[in-house]
Amino acid sequence: MKYMENKNNVTEFVLLGLTENPSMQKIIFAVFFVIYVVTMVGNVLIVVTIAASPLLGSPMYFFLIYLSFVDACYSSVNTPKLIVDSLRERKTTPFNGCMTQIFGEHFFGGTEVILLTVMAYDRYVAICKPLHYTTIMNWRVCSLLMGVSWMGGFLHAAIQMLFIFRLPFCGPNIIDHFMCDLNPLLKLACTDTHTLGLFVAANSGFICLLNFLLLLISYVVILYTLRNHSLEGRRKALSTCVSHVTVVVLFFIPCIFVYMRPATTLPIDKAVAVFYTIITPMLNPLIYTFRNAQMKNAIVKLCSKKSF
């Protein structure tokens, strides 16, 4: 009974945000409003372009359309609240709202981690086993891999919530961050969270690290295989792979930095969190579009249709 009483002592959390400087708050509002608009327009444009073109028949673009959808959702978990909070003097979030935000972060973040690994496997099969590509990456397999990505993200988030939701919070309730996240909340819990902190490192950090290593191995194999391809074949394959590797590095390195360590908070965590939760979802459509001739042509054709 005492456990539940302690837990109910905190009904809301106070977020300190990126800065408490009033003049900087206006700059934050303007900058992140533009970033959010660019993120949504870019990712929605990719979804609409692929859905309205023959590109949807390719497994690579089938996965890309879902990656853009996940990025749009992932960015929407934190960015709108950051924008609104920049106009407020006191930034608060209710307890259940905080829990919902954490679930959204880890659901869409976990889905993206698995999906990026799936996309690397697709590139591996396309380059290393080109004659068997259509047989291996058939629609049944693609749908199954997409389902695994969604289910993996859900299970990852649900497991996190199973432990964090039961923690007792009896004060203080001030989070030195612009969003609710696991490590800042573990710091506020009025119980020993050392073991739980190690579990967070295992469930979030280790998963990121394991998938990142699998991705590196797959691209080492791809680079080795490309030795036997023609110059034009190598150029085309590398162009696609460089886009994917860039996205992987931008997303995984910050995640590993934040979660692959004991449950501590560092001053740089805010900047790192901005990068992988807000900046990366904006950069993904730009990276895939500017380095992909097929995507650029499809966007031009779509715009041409709309103009007539």
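In this predicted model, ring pairs join Phe69, Phe103, Phe107, Phe108, Trp150 and Phe154 into a cluster. A search of the whole structure finds 20 aromatic pairs, and one of them brings together Phe29 and Phe33, whose rings are stacked, with 6.0 Å from centre to centre and 15° between the planes. Both Phe29 and Phe33 belong to helix 2, which covers residues 22-51, and they stand four residues apart, about one turn of the helix. Phe29 has a relative accessible area of 29% and is therefore partly exposed, and Phe33, at 43% relative accessibility, also counts as partly exposed.

Phe107, a member of the ring cluster, also serves as a reference point for Met151. Although 44 residues separate Met151 from Phe107 in sequence, their C-alpha atoms are 9.1 Å apart in space. Met151 is part of helix 6, which runs over residues 139-164, and its relative accessible area of 47% places Met151 in the partly exposed class, since that class ends at 50%.

Ser68 offers a contrasting environment. This residue lies in helix 3, made up of residues 59-85, and with a relative accessibility of 2% Ser68 counts as buried, because the limit for that class is 20%. When neighbours within four places in sequence are left aside, Ser68 is in contact with Asn43, Ile46 and Val47.

The packing of two helices can be considered next. Two packed helices are described by the angle between their axes and by the distance between the axes. Helix 4 (residues 95-128) packs with helix 8 (residues 194-225) at an angle of about 15°, and their axes are 9 Å apart. Helix 4 is therefore roughly parallel to helix 8, because angles under 35 degrees are counted in that way. The crossing in which helix 4 passes helix 8 is left-handed. On the side of helix 4, the contact is made by His106, Val113, Leu116, Thr117, Ala120, Arg123, Tyr124, Ile127 and Cys128, while helix 8 contributes Ser204, Ile207, Cys208, Asn211, Leu215, Ser218, Tyr219, Val221, Ile222 and Thr225. Taken by chemical character, the residues of this contact between helix 4 and helix 8 comprise twelve nonpolar, six polar and one charged.

How values were computed:
Residues are numbered from 1 along each chain as its sequence is written. This is a predicted model: local features need pLDDT of at least 70, side-chain atom pairs count only at pLDDT 80 or more; totals for chains, interfaces and linings use all residues. Side-chain values use heavy atoms; hydrogens and water are left out. Axes are lines fitted to C-alpha atoms, for helices over the stretch in contact, and angles run from 0 to 180 degrees between N-to-C directions. Helices (H or I, at least four residues) and strands (E, at least two) are DSSP runs, numbered from the N terminus. Angles under 35 degrees count as roughly parallel, over 145 as roughly antiparallel, 65 to 115 as roughly perpendicular and the rest as oblique. A crossing is left-handed if the near helix is turned anticlockwise from the far one by less than a right angle, and right-handed if clockwise. Contact means heavy atoms within 4.5 Å. Ala, Val, Leu, Ile, Met, Phe, Trp, Tyr, Cys and Pro count as nonpolar, Asp, Glu, Lys and Arg as charged, and the others, Gly among them, as polar. Buried means under 20% relative accessible area, exposed over 50%, partly exposed in between (1.4 Å probe, protein chains only). Rings of Phe, Tyr and Trp (its six-membered ring) pair if their centres lie within 6.5 Å; planes under 30 degrees apart count as stacked, over 60 as edge-to-face and the rest as tilted.
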